[in-house]
Amino acid sequence: MLRRDPLADLEPLIRRVYAYVAYRMGDGPDAEDVTSETFERALRYRKSYDPRKGEPVAWLLGIAKRCIDGGWPDRDLAAEVADSADSTDLEDETVRKLTVARAVATLDARDRELIALRYGSDLTARQIAEVLGARTNAIEVALHRALGRLRDVLGEEEDVEPVRKRGASR
Amino acid sequence: MRCWRKRHEGLDLEAELRAGRSEPAPEFINRLEARVRHNGRSRAGSLRVAFVGALTAVMLIALASVGGVGYASSAARDAAVSVKRVVAPKDVITVLKRGSALDQYGKPKAKKVKKAKKGKGKKGVTKARKRPPFTG
């Protein structure tokens, strides 16, 4: 039987893995390192990829998750995002992004992971369930709760002006 | 909190989260893509060479165990001789003409066949040599 190469279409895979890693660890060189490490491992173990178990992106994100959980030290993501948001002359869009990023960074690891997989890598609830080894409906419920907590955090934020501006303009 | 929710009913948090995802730098994408492609190719190439080498060794061992190597070499030798015979036939003929009998007695003369006389006996039939009578 012919095996599909999981790394055939690289660019979108790199983007999705990087987005996931950046949601978990923050943007920057560390995220690049983890993404590179993920693809190195994927190359080494590309024979172990089984298309029956899921899409290549889900397989790669599983590797990225193990890379982060196993090797990279936890960073104070909330503090880093807050530091970068201090600048006053940022454009509205950037501020809005930073506000959301800061709110995500305050969530616990599990919620952050779910949000990273769902909105960073664009996985469906079913694909997330495959990556995390859980049931699809459990993931849907967990995602719903994570979004609720994020809304709460955003509501508590003092600096929600940019988001408010955008909401009002719609 | 409720106020915030009321104020931002129009805000699509999911869209914000999607829009807020980080994009890798194009140089990083290019660099990583090139590295993955290069490493993948070289690994596949070395695997292919190793596979061919292993297959050759297995075939040689299998052939040697049933005397196939000697058979193959003799077949190759025969083939070489055949080719030589076709390419340089003169040499081959010379080799065939030589012999101890030829050296000792020289080239034999061609036998003359007597023609049957007209009107006597059957046409074209030569007389059989007379043998000494059978004496029991």
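**Exercise 1. Find where confidence is low in chain A, and what contacts the model has there.**

Step 1. Look at residues 163–170 of chain A: pLDDT, the predictor's confidence in each residue from 0 to 100, stays under 50 there.
Step 2. For residues 163–170 the model has 15 contacts beyond four places in sequence. Two residues are in contact if their C-beta atoms, placed from the backbone, lie within 7 Å.
Step 3. Set this beside the whole chain. The mean pLDDT of chain A is 81, and 79% of its residues reach 70 or more.
Step 4. Note the ground rules. This is a predicted model, in which local features need pLDDT of at least 70 and side-chain atom pairs count only at pLDDT 80 or more, while totals for chains, interfaces and linings use all residues. Residues are numbered from 1 along each chain as its sequence is written, chains are lettered from A, and ligands are numbered from 1 in the order in which they are written.

**Exercise 2. Describe the make-up of each chain.**

Step 1. Helices (H or I, at least four residues) and strands (E, at least two) are DSSP runs, numbered from the N terminus.
Step 2. Chain A has nine helices and zero strands. Chain B has six helices and zero strands.
Step 3. Apply the burial cut-offs. A residue is buried if 20 or more other C-beta atoms lie within 10 Å of its own, exposed if 12 or fewer, and partly exposed in between, with C-beta atoms placed from the backbone.
Step 4. Of the 170 residues in chain A, 39% are buried. In chain B, 7% of the 136 residues are buried.
Step 5. Check the contact range. Among chain A contacts between residues at least 6 apart in sequence, 70% join residues at least 24 apart.

**Exercise 3. Work through helix α1 of chain A.**

Step 1. Helix α1 covers residues 10–25, which is 16 residues.
Step 2. From first C-alpha to last, α1 reaches 22 Å, close to the 22 Å expected at 1.5 Å a residue. The expected span is 1.5 Å times one less than the number of residues.
Step 3. Why is α1(A) largely enclosed by the rest of the structure? Because 13 of its 16 residues are buried.
Step 4. Just after α1(A), A:G26 has a positive phi of about 100°.
Step 5. Pick out A:R15, which lies in α1. A:R15 is buried, because 20 other C-beta atoms lie within 10 Å.
Step 6. Beyond four places in sequence, A:R15 is in contact with B:E23 and B:P24. The C-alpha atoms of A:R15 and A:T35 are 9.3 Å apart, with the two residues 20 apart in sequence.

**Exercise 4. Trace the largest nonpolar core.**

Step 1. A nonpolar core is a set of buried Ala, Val, Leu, Ile, Met, Phe, Trp, Tyr and Cys residues joined through C-beta atoms within 7 Å.
Step 2. The largest core has 47 residues, and those touching the most other members are A:V17, A:Y20, A:V21, A:L60, A:L61 and A:A64.
Step 3. Several elements give two or more residues to this core, including α1 and α2 (29–44) of chain A and α3 (26–65) of chain B. Helix α1(A) gives the most, with ten.
Step 4. Take A:V17. Not counting residues up to four places away, A:V17 touches A:T35, A:T38, A:L60, A:L61 and A:A64.

**Exercise 5. Is A:P56 buried or exposed? Locate its contacts too.**

Step 1. A:P56 is in helix α3 (residues 56–70) of chain A.
Step 2. A:P56 is buried, because it has 21 C-beta neighbours inside 10 Å.
Step 3. Beyond four places in sequence, A:P56 is in contact with A:P6, A:L13 and A:Y49.
Step 4. A:D9 is 47 residues from A:P56 along the chain, and their C-alpha atoms are separated by 9.6 Å.

**Exercise 6. Follow α6(A) into the loop after it.**

Step 1. Ten of the twelve residues of α6(A) are buried, so the helix is largely enclosed by the rest of the structure.
Step 2. Its buried residues pack against α1, α3, α5, α7 and α8 of chain A, together with α2 (13–19) of chain B.
Step 3. A:D122 sits in the loop between α6 and α7 of chain A. Its phi is near 60°, a positive value in a residue other than glycine.
Step 4. A:D122 is partly exposed, because it has 16 C-beta neighbours inside 10 Å.
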